[in-house]
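User: Please take a close look at a single strand in this structure and describe its setting. I would then like the account to move outward to the parts around that strand and to the surface.

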Amino acid sequence: IAHITTVRKPTLQPGRHKRLIGGGQMKRVLIVDALNMYFRAYIVDPSLSSNGQPIGGVMGFLKILQKQIRDSKPDRIVIAWDGPGGSRKRKQMDKNYKAGRKPIRLNRSIRNLSESEEIDNKIWQQTRLVEYLNQMPVSQLLLPDIEADDVIAYATNLPYFDGWQKVIVSSDKDFFQLCDDETVVYRPIQKQVMNKKRIIEDFNIHPNNMALARAIAGDVSDNLPGIKGVGLPTIKKRLPFLCEEKSYTIDEVVDFCDNIDSNLKVYSSIIENEDVIEHNYKMMQLYSPALSYNAKQQVKFAIEEADQLFSLTEMKKMMIKDGFGTWDWSDLIQIMRRITVEKD
């Protein structure tokens with residue numbers, strides 16, 4: 001898989017603004033958590049290639065992408081992959097990070113591949129999908145030893161996108177902490193648009209304090225145990241000040257628990273497990289992404305400066321070879337053409 005595929009810096013055109021989710025007018029960038037979307041497609045899409053091999057990860061991803069861009073009509077698209085090896089920085093902090101995850105397998109009652117063949121096919125499909133996206137005018141980012149979460153967090157906060165609406169496409173709650181007046185998270189499985197207001201309403205936690213709250217609650221999917229019996233509903237009720245815009249520190253939360261006139265176990269548990277909260281916070285927070293200076297420069301260059309054209313003929317040849325060239329890709333093609341024209 002190519003480590004980084006880049007695009008040309010677009011010319012900002014004041015007359016080409018679009019209506020955004022919830023009102024207002026601004027340019028829009030769609031930022032896709034690629035592995036999250038790919039796995040969703042890989043698991044559920046039963047499509048087969050012309051040689052009888054599963055191809056649903058590729059075709060399903062492109063179908064989901066087509067729907068997303070049809071609905072959001074973005075001016076730019078950023079595709080962020082988890083790099084080979086995952087996050088080296090987080091694994092150095094916790095060798096058990098993400099350990100114990102079950103392998104992703106096809107959701108099929110009838111299977112035509114062995115487990116090892118499925119693994120090979122899954123890797124081939126992901127590689128093939130990267131090749132498809134290389135033909136499109138998108139910023140496709142894949143950096144060794146760096147997770148997509150950090151790339152997305154850094155890209156979202158680039159000065160280049162100031163004044164743009166940023167739509168992060170992912171089912172991962174980690175991205176709630178990035179929501180602000182310009183940034184929303186679209187959760188395709190849940191069909192939810194989560195913005196700052198909705199997160200505060202649903203969780204009584206401000207995005208500025210979401211990483212802290214989740215550090216207390218823990219994240220089973222990443223093998224980061226939290227404080228037993230203290231989930232987000234309990235935090236919502238017992239630490240109500242986290243709904244404020246102020247970014248609270250762990251020390252301030254512990255001080256609150258230490259001074260409150262209450263015998264509830266939740267408060268003593270937080271005090272006794274301050275080290276757990278500190279560890280989880282370092283692992284979960286995206287306010288300061290785990291990117292080296294060199295990695296930041298690569299992301300910045302890919303989004304702001306570098307070239308990539310729309311190779312429609314090559315993409316169509318690939319689709320015919322893989323057995324889904326007859327699918328209606330007109331919306332995908334139309335928007336990719338528009339993005340290419342606007343970049344010139």
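Analyst: In this predicted model, valine 29 stands opposite arginine 76, a residue of strand β5. That position belongs to the pairing of β4 with β5 (residues 76–80), in which the two strands run in the parallel sense over five bridges. β4 is also joined to strand β7 (residues 165–169), again by five bridges and with the strands running parallel. Within this second pairing, valine 32 has valine 169 of β7 opposite it.

The strand under examination, β4, comprises residues 28–33 and is mostly covered, six of its six residues being buried. The cover extends to both faces: Arg28, Leu30 and Val32 are buried on one side, and Val29, Ile31 and Asp33 are buried on the other.

The loop that precedes the strand carries a charged contact. Lysine 27 forms a salt bridge with aspartate 75, and the closest N and O atoms of the pair are 3.6 Å apart. Because lysine 27 lies in the loop between β3 (25–26) and β4, while aspartate 75 lies in the loop between α2 (56–72) and β5, this salt bridge ties together parts that are 48 residues apart in sequence. Both partners, lysine 27 and aspartate 75, are buried.

The loop between α2 and β5 also holds lysine 73. This lysine has a positive phi of about 45 degrees, although lysine 73 is not a glycine. Its relative accessibility is 45%, so lysine 73 counts as partly exposed. A further lysine with a positive phi is lysine 191, for which the angle is about 55 degrees, and this residue is likewise not a glycine. Lysine 191 is placed in the loop between β8 (183–187) and β9 (192–194). With a relative accessible area of 62%, lysine 191 is exposed.

Helix α2 supplies another long-range connection. Arginine 70 forms a salt bridge with aspartate 331, with the closest N and O atoms 2.6 Å apart. Since arginine 70 is in helix α2 and aspartate 331 is in helix α14 (residues 330–343), the pair ties together parts that are 261 residues apart in sequence. Aspartate 331 counts as partly exposed at 24% relative accessibility, and arginine 70 counts as partly exposed at 35%. Helix α2 also contains methionine 59, which counts as buried at 7% relative accessibility. The C-alpha atoms of methionine 59 and alanine 306 are separated by 27 Å, the two residues being 247 apart along the chain.

The salt bridges described above belong to a wider set, since a search of the whole structure finds 17 of them. One is formed by lysine 317 and glutamate 314, whose closest N and O atoms are 3.5 Å apart. Both of these residues lie in helix α13 (residues 312–322), three residues apart, or about one turn of the helix. An α-helix has 3.6 residues a turn, so residues three or four places apart point the same way. Glutamate 314 counts as partly exposed, at 33% relative accessibility.

Some charged residues are linked as a group: Arg90, Lys98, Glu147 and Asp150 form a network of salt bridges. Asp150 is among the buried residues of α5. Helix α5 spans residues 148–156 and is mostly covered, with nine of its nine residues buried. These include Val151, Ile152 and Tyr154.

A further buried position is leucine 106, which is found in the loop between α3 (88–93) and α4 (115–134). Leucine 106 is buried, with a relative accessible area of 8%. Its C-alpha atom is separated by 17 Å from that of arginine 128, which is 22 residues away along the chain.

The surface, finally, bears a patch of negative charge in which Asp251, Asp255, Asp258, Asp275 and Glu278 gather. The elements that give two or more residues to this patch are α9 (250–259) and α11 (274–284). The greatest contribution comes from α9, with three residues. Aspartate 275 is placed in helix α11. With a relative accessible area of 53%, aspartate 275 is exposed.

How values were computed:
Residues numbered from 1 in each chain as written. Predicted model: local features only at pLDDT ≥ 70, side-chain atom pairs only at ≥ 80, totals over all residues. Heavy atoms only, no water. Patch = residues over 30% accessible without salt bridge, like charges linked within 9 Å, V, L, I, M, F, W, Y side chains within 5 Å. Areas by Shrake-Rupley, 256 points an atom, 1.4 Å probe, with all protein chains shown as cover. Salt bridge = Lys/Arg side-chain N within 4 Å of Asp/Glu carboxyl O. Lys, Arg positive; Asp, Glu negative; His and termini not counted. Charge placed at Lys NZ, Arg CZ, Asp CG, Glu CD. Helix = DSSP H or I, 4+ residues; strand = E, 2+ residues; numbered from the N terminus. Buried < 20%, exposed > 50% of the residue type's maximum accessible area, 1.4 Å probe, protein only. Pairing = 2+ DSSP bridges.
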